[in-house]
Amino acid sequence: MSGTIKFQVFESESRFLDPRKGFEETVEGFQVRIDPLTGRTGHFSHFGAIRSQRLPLEDYLKPEVKGFCPFCKENRDKRTPKFIGDVVPEGRLTRGETVLIPNLFPYDIHSAVAIMTDEHLCPVEGFTEKRLYDSLYVGIDFLKRIRSINPELPYHLMSWNYMPPSGGGLVHPHQQYFATEFPGNQFTDEYRASEEFFEKNRISFWDELLKIEKNTGQRFIGETGKACWITPFVSLGILGEIMCVFPHVFSVDDFDEGDMDALVSGLLKIFRYYSESGIYSFNAAMFFGKKDQRFFPCHFRIIPRTFLNMRDYAPDLNFFQSLLVEPVSVVIPEELCKEVKAYF
Ligand SMILES: [Zn+2]
């Protein structure tokens, strides 16, 4: 079945007289890639022009910056909500430092927030194996509970905004877990395209993709347990993207403790890479498809986020993402793969 997945790159260049070189003629290259699953495009340009900015973490603890945090231990009991009885009879779910509560600003019928740490401020190096595992364990437990209560909500998601550049409203580390019929356009496009691919070719796009990526090695970072880590052919993040695919997990019910270990083990390696590369902020998400299908395996995505500068806090998203709904990346996936592989 080779040849069923196409990796298309359109490379081109722009010429101009460069004031930085005495107005010599200069050539800048750029690429447009077509996502082999969805057919959506992604731009690659501005290579090396955007660097992750150092965040003033120490300032986030100053009272005038910190303000009121409902997730801090002293406020949690009185200022965070509790679940109604049929969802979580105990009111909140806890394990280690993690406390899972309903989202005061819910995304859907069942929408939770996992407060991950006792401490208000946790730099990426502070995410220990236990902290990551406990948060994931509690979140997955919640998703499994709501799947059995409302099985008609077919899709399950974990999402995570970490630090202010990511859009996270609170510095205190937290993840969101929810079930929904409307999981967003990226998920929906991938899901439909995966189903169509399966119907047309009688094989899973994802199995085929992993086979190719493993063989060529250009974008294959490594494995932890049964999970495979790659850099996607088209990046959703401006500073690149890392994806983890669980080829044997289809719905949230299939995700077991071994898979949690696999995700945590890979995340620890990525956080070491982030820490050494000066990456202070990210968005992450994990997608689970419907029960009883075999074409859309669970996958996790993580992208660094940054302010463009610390002078006026320009965000790293612009008209491309907000109005053209087109990802732009300044990092080539094959180069990112090489860098991250050293940590696996
Ligand atoms: Zn706090």
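How many bridges pair strand β12 (residues 281-288) with strand β13 (residues 298-305)? The two strands are joined in the antiparallel sense over seven bridges. The legends below return to this pair. This is a predicted model: local features need pLDDT of at least 70, side-chain atom pairs count only at pLDDT 80 or more, and totals for chains, interfaces and linings use all residues. Residues are numbered from 1 along each chain as its sequence is written.

**View 1. The ten-stranded open sheet.** Ten strands make up an open sheet, in the order β4-β5-β6-β8-β7-β12-β13-β11-β10-β9, with antiparallel pairing. Strands (E, at least two residues) and helices (H or I, at least four) are DSSP runs, numbered from the N terminus, and two strands pair if DSSP finds at least two bridges between them. β4 (93-95) and β9 (220-224) stand at the edges with a single partner strand each, so one side of each has no neighbour in the sheet. From one strand to the next, the twist averages 15°. Within the pair of β12 and β13, M286 stands opposite F300 in β13.

**View 2. Helix α6 on the sheet.** α6 packs on the sheet and touches β9, β10 (227-230), β11 (242-246) and β13. Here two residues are in contact if their C-beta atoms, placed from the backbone, lie within 7 Å. The direction of α6 makes about 25° with that of β10. Axes are lines fitted to C-alpha atoms, for helices over the stretch in contact, and angles run from 0 to 180 degrees between N-to-C directions.

**View 3. Strand β11 and its two partners.** β11 pairs with β10 in the antiparallel sense over three bridges, and C228 has V245 in β11 as its bridge partner. β11 also pairs with β13, again in the antiparallel sense, over five bridges. I242 stands opposite I302 in β13. Four of the five residues of β11 are buried, so the strand is largely enclosed by the rest of the structure. A residue is buried if 20 or more other C-beta atoms lie within 10 Å of its own, exposed if 12 or fewer, and partly exposed in between; C-beta atoms are placed from the backbone.

**View 4. G237 and L239 in the loop between β10 and β11.** G237 is found in this loop, and L239 has its place there too. G237 counts as buried because it has 22 C-beta neighbours inside 10 Å. Leaving out residues up to four places away in sequence, G237 touches I303, P304 and S329. The C-alpha atoms of G237 and Q321 are separated by 9.9 Å, although these residues are 84 residues apart along the chain. L239 has 20 C-beta neighbours inside 10 Å and therefore counts as buried. Apart from neighbours within four places in sequence, L239 is in contact with I50, S52, P304, T306, V330 and V331. L239 and V331 are 92 residues apart along the chain, with C-alpha atoms separated by 5.6 Å.

**View 5. Helices α3 and α6.** α3 (residues 129-149) and α6 (residues 257-277) pack at an angle of about 140°, and their axes are 10 Å apart. The two helices are therefore oblique to each other; angles under 35 degrees count as roughly parallel, over 145 as roughly antiparallel, 65 to 115 as roughly perpendicular and the rest as oblique. On the α3 side, E129, L132, Y133, L136, Y137 and I140 meet M260, L263, V264, L267 and L268 in α6. By class, this contact has ten nonpolar, no polar and one charged residues. Ala, Val, Leu, Ile, Met, Phe, Trp, Tyr, Cys and Pro count as nonpolar, Asp, Glu, Lys and Arg as charged, and the others, Gly among them, as polar.

**View 6. Strand β3 between β2 and β14.** In a regular strand the side chains alternate between the two faces of the sheet. Along β3 (residues 41-44), G42 and F44 point to one face and are buried, while T41 and H43 point to the other and are not. β3 pairs with β2 (residues 24-34) in the antiparallel sense over four bridges, and R33 stands opposite G42 in β3. The hairpin of β2 and β3 has six residues between the strands, and G39 takes a positive phi near 80° there. β3 and β14 (residues 328-329) run parallel and are joined by two bridges. H43 has V328 in β14 as its bridge partner.
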